[in-house]
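User: I'd like to go through this one with you, cysteines and pockets included. Can you take my questions in turn?

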Amino acid sequence: MVEKRFAVLLCAEDSEYVKKKYGGYLGVFSKMLGEEGEKWDVYRVANGEFPTEDEIGGYNGFVITGSCSDAHADDYWICRLIDLLKKLDSMKKKVLGICFGHQILGRALGGRTGRAGSGWDIGFRTVHLSSPSTIFSTLKLPGRLSVIECHRDEIVELPPKAEVMGWSEKTGIEMFRYGDHMMGIQGHPEYTTDILLHLIDRLLLKNLIIESFAKEVRAKMQEREADREAWRRLCVAFLKGTTGS
């Protein structure tokens with residue numbers, strides 16, 4: 001039996017907390033999406049570590065992570081990542097983009113990203129699933145799913161031929177698909193509550209958010225839970241099966 005291989009394109013530094021508790025974001029994603037008999041690798045693209053052309057062909061799918069960087073920026077590694085995503089599109093490789101990954105995938109496919117007019121979205125958010133894609137009915141998913149969010153940028157213009165799969169009261173494009181091989185999710189299906197609480201502390205230390213906002217978000221985090229199992233099933237079905245039509 002041929003071993004399935006997947007790669008995480010890491011667009012940020014692993015925090016000490018995530019490294020110690022989860023083995024870094026490779027550990028977070030492989031625990032969420034990995035199954036027996038698979039091999040999961042990581043390429044630290046934010047540090048200039050990219051798969052070679054020969055390596056690309058050996059993977060069944062790719063996951064693009066979140067980042068502290070802006071998807072509308074033109075850093076050298078971001079431009080290289082856009083070129084890589086265009087190549088993966090031409091090869092019809094399965095690609096799942098998360099948060100920054102969702103945004104940069106949208107940009108690579110011809111969409112436009114920028115600052116969200118409504119500011120930061122941190123905490124739980126209800127996403128309304130709106131795609132005619134059969135993946136939702138096949139998986140028997142409800143019409144709304146709760147997910148953890150942590151972003152201040154968004155896709156402001158969808159790529160041509162792309163389809164919105166989900167929206168929220170805060171963000172118009174929470175999910176999109178492009179063909180049957182590329183999908184973006186603005187939220188963080190992989191996040192646990194403790195990962196977000198730790199990230200809030202880091203954002204506060206960097207003066208990216210203010211204490212009163214952080215306190216408000218922490219309080220609200222005690223009131224709900226994310227539908228992590230439903231998101232896991234959705235992401236696994238996309239990466240390893242078919243999204244239908």
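What follows is a short round of questions and answers on this predicted model.

User: How many disulfides does a search of the whole structure find?

Analyst: A pair of cysteine sulfurs has to lie within 2.5 Å to count. Searching the whole structure on that basis turns up a total of zero.

User: Cys11 is in no disulfide, so how far away is the nearest cysteine sulfur?

Analyst: The cut-off for a bond is 2.5 Å between sulfurs. For Cys11, the nearest cysteine sulfur belongs to Cys99, and the distance is 10 Å.

User: And which cysteine has the closest sulfur to that of Cys235?

Analyst: The gap there is 13 Å, which means it's too far for a bond. The partner at that distance is Cys99.

User: Is Cys235 buried or exposed?

Analyst: Buried is the label for anything under 20% relative accessible area. Cys235 comes in at 1%, so Cys235 is buried.

User: Where does Gly34 sit, and is Gly34 buried, exposed or partly exposed?

Analyst: Look in the loop between helix H2 (24-33) and strand E2 (38-43). The relative accessible area of Gly34 is 29%. Buried stops at 20% and exposed starts over 50%, so Gly34 counts as partly exposed.

User: Which residues does Gly34 touch, leaving out those up to four places away in sequence?

Analyst: A contact needs heavy atoms within 4.5 Å. With the sequence neighbours up to four places away set aside, the list for Gly34 is Phe29, Trp40 and Lys240.

User: Which element gives the most to the lining of the largest pocket?

Analyst: That pocket holds about 420 Å³ of space and has 26 lining residues, with Gly66, Ser67, Cys68, Cys150 and Leu199 nearest its centre. Helix H5 (100-108), strand E7 (144-151) and helix H7 (193-205) each supply at least two residues of the lining. The top contributor, with three residues, is H7.

User: How does the lining of the largest pocket divide by residue type?

Analyst: Cysteine counts as nonpolar here and glycine as polar, so that's how they enter the tally. The split for the largest pocket is 12 nonpolar, seven polar and seven charged.

User: What about the second largest pocket: how many of its lining residues are charged?

Analyst: The volume is about 230 Å³, and 14 residues line the pocket, including Arg125 and Lys220 among those nearest its centre. Strand E6 (121-129) and helix H8 (211-221) each supply at least two of them. Six are nonpolar and one is polar, and the charged count is seven.

Notes
Residues numbered from 1 in each chain as written. Predicted model: local features only at pLDDT ≥ 70, side-chain atom pairs only at ≥ 80, totals over all residues. Heavy atoms only, no water. Buried < 20%, exposed > 50% of the residue type's maximum accessible area, 1.4 Å probe, protein only. Helix = DSSP H or I, 4+ residues; strand = E, 2+ residues; numbered from the N terminus. 1 Å grid on protein atoms, 1.4 Å probe; cavity = no way out; pocket = protein on both sides within 12 Å on 5 of 7 lines; lining within 4 Å. Points joined across faces, edges and corners; volume = space filled by probe spheres on them.
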